[in-house]
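This report describes the fold, helix packing, cores and aromatic contacts of one protein chain. The sequence and the structure come first.

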Amino acid sequence: RLGMLLADQVLAKLKEGFPVELEELKLNVGEEVLEVRLRDPESKLAEALELARQAGARGGRAAKALTEGVELLERLSRAERLPSQAAVRLFWLRAPGVLSSVWLPFEVSSDFSLSLKKERGSTAAVVSYANGYYGYLAPRGSRDYEYLFELVSEDEKQRILGAATALLAGYTGTQRSSALER
């Protein structure tokens, strides 16, 4: 669904006069699958309780969000059959000179997206919530709601973000890919 929405928007922009002939547009797509270890939500519960306690003393929206986060972690901790690992599918879509995107089954911080745009140019895009959902990839050092739902280790997060960066840069190593012509 997200892919079709993106394709419709890209094609509409191209028809509005973007300097690419539709007959010449080649879309390259592919995927890379990473086996990722997921953390048990209970492993974050004690830390979440302390963060919520500290934020509660200050009050405000952050305190409310952390309290909600604790409640959700408690519910997740009681759930049966939570996976300890997952085959995470990262997709990429490129239209040379027009768009370079990576699609992740995580919510990614805007810091990561903005740094990629700065590094790769304005045609770089990161799409979150694509092909599943495995929580957040919070900014390093953050201790807020997003951090509570980062259910991968720091090492795993860096591996995922590294793979996303490589896919945006055009790495097409061993992952499946194909070219689509419009």
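## Aromatic residues and packing

Y136 is buried, at a relative accessible area of 13%; buried means under 20% relative accessible area, exposed over 50%, and partly exposed in between, with a 1.4 Å probe and protein chains only. The model is predicted: local features need pLDDT of at least 70 and side-chain atom pairs count only at pLDDT 80 or more, while totals for chains, interfaces and linings use all residues. Residues are numbered from 1 along each chain as its sequence is written, and side-chain values use heavy atoms, with hydrogens and water left out.

Rings of Phe, Tyr and Trp (its six-membered ring) pair if their centres lie within 6.5 Å; planes under 30 degrees apart count as stacked, over 60 as edge-to-face, and the rest as tilted. Four aromatic pairs result from this rule. One of them is F106 with Y134, a tilted pair. F106 sits in the loop between β3 and β4 (107–108) and Y134 in the loop between β5 and β6, so the pair links parts of the chain 28 residues apart. Another pair, Y136 with Y145, is edge-to-face because its planes stand at 85°.

| Aromatic pair | Centre to centre | Angle between planes |
|---|---|---|
| F106 and Y134 | 5.9 Å | 45° |
| Y136 and Y145 | 6.1 Å | 85° |

F106 is buried, with a relative accessible area of 0%, whereas Y134 is partly exposed at 25%. Y136 and Y145 also belong, with F149, to one aromatic cluster.

Two charged side chains lie over the face of Y147: K44 at 3.7 Å from the ring centre and R143 at 4.3 Å. A charge sits over a ring if NZ of Lys or CZ of Arg is within 6 Å of the ring centre and within 35 degrees of the ring normal.

E146 is found in helix α5 and is partly exposed, with 28% relative accessibility. Leaving aside residues up to four places away in sequence, E146 touches Y136 and A138, where contact means heavy atoms within 4.5 Å. E146 and G135 are eleven residues apart in sequence, and their C-alpha atoms are 8.2 Å apart.

## Overall fold

The chain has six helices and seven strands. Helices (H or I, at least four residues) and strands (E, at least two) are DSSP runs, numbered from the N terminus. Their order from the N terminus is α-β-α-α-β-β-β-α-β-β-α-α-β. Of the 182 residues in the chain, 38% are buried. Among contacts with a separation of 6 or more, 75% are between residues 24 or more positions apart.

## Helices α3 and α6

Helix α3 covers residues 61–78, and its end C-alpha atoms are 26 Å apart, in agreement with the 26 Å expected for 18 residues. The expected span is 1.5 Å times one less than the number of residues. Its buried residues are A63, A65, L66, G69, V70, L73 and S77. They line one face of α3, because they fall within an arc of 155° seen down the axis; the arc is that of the directions from the helix axis to the C-beta atoms. R61 and R78 are exposed on the face of α3 turned away from the buried side. The cover over the buried residues of α3 includes α2 (42–58) and α5 (145–148).

Helix α6 has 16 residues, and its expected span of 22 Å agrees with the 22 Å between its end C-alpha atoms. E156, K157, I160, L161, A163, A164, L167 and L168 are the buried residues of α6. They cover an arc of only 155° around the axis, which puts them on the same side of α6. Elements covering them include β1, β2, β3 (99–103), α4, β5 (124–127) and β6 (136–137). G170 follows α6 and has a positive phi, near 105°.

## Nonpolar cores

A nonpolar core is a set of buried Ala, Val, Leu, Ile, Met, Phe, Trp, Tyr and Cys residues joined through side-chain atoms within 4.5 Å. The largest has 21 residues, of which V36, L90, L104, F106, L137, V152 and I160 touch the most other members. β1 (26–37), β2 (85–95), α4 (110–120) and α6 (154–169) each supply at least two of its residues. The most come from α6, which gives six. Apart from this core lies another, of 14 residues, with A52, V70, L73 and Y136 among them.
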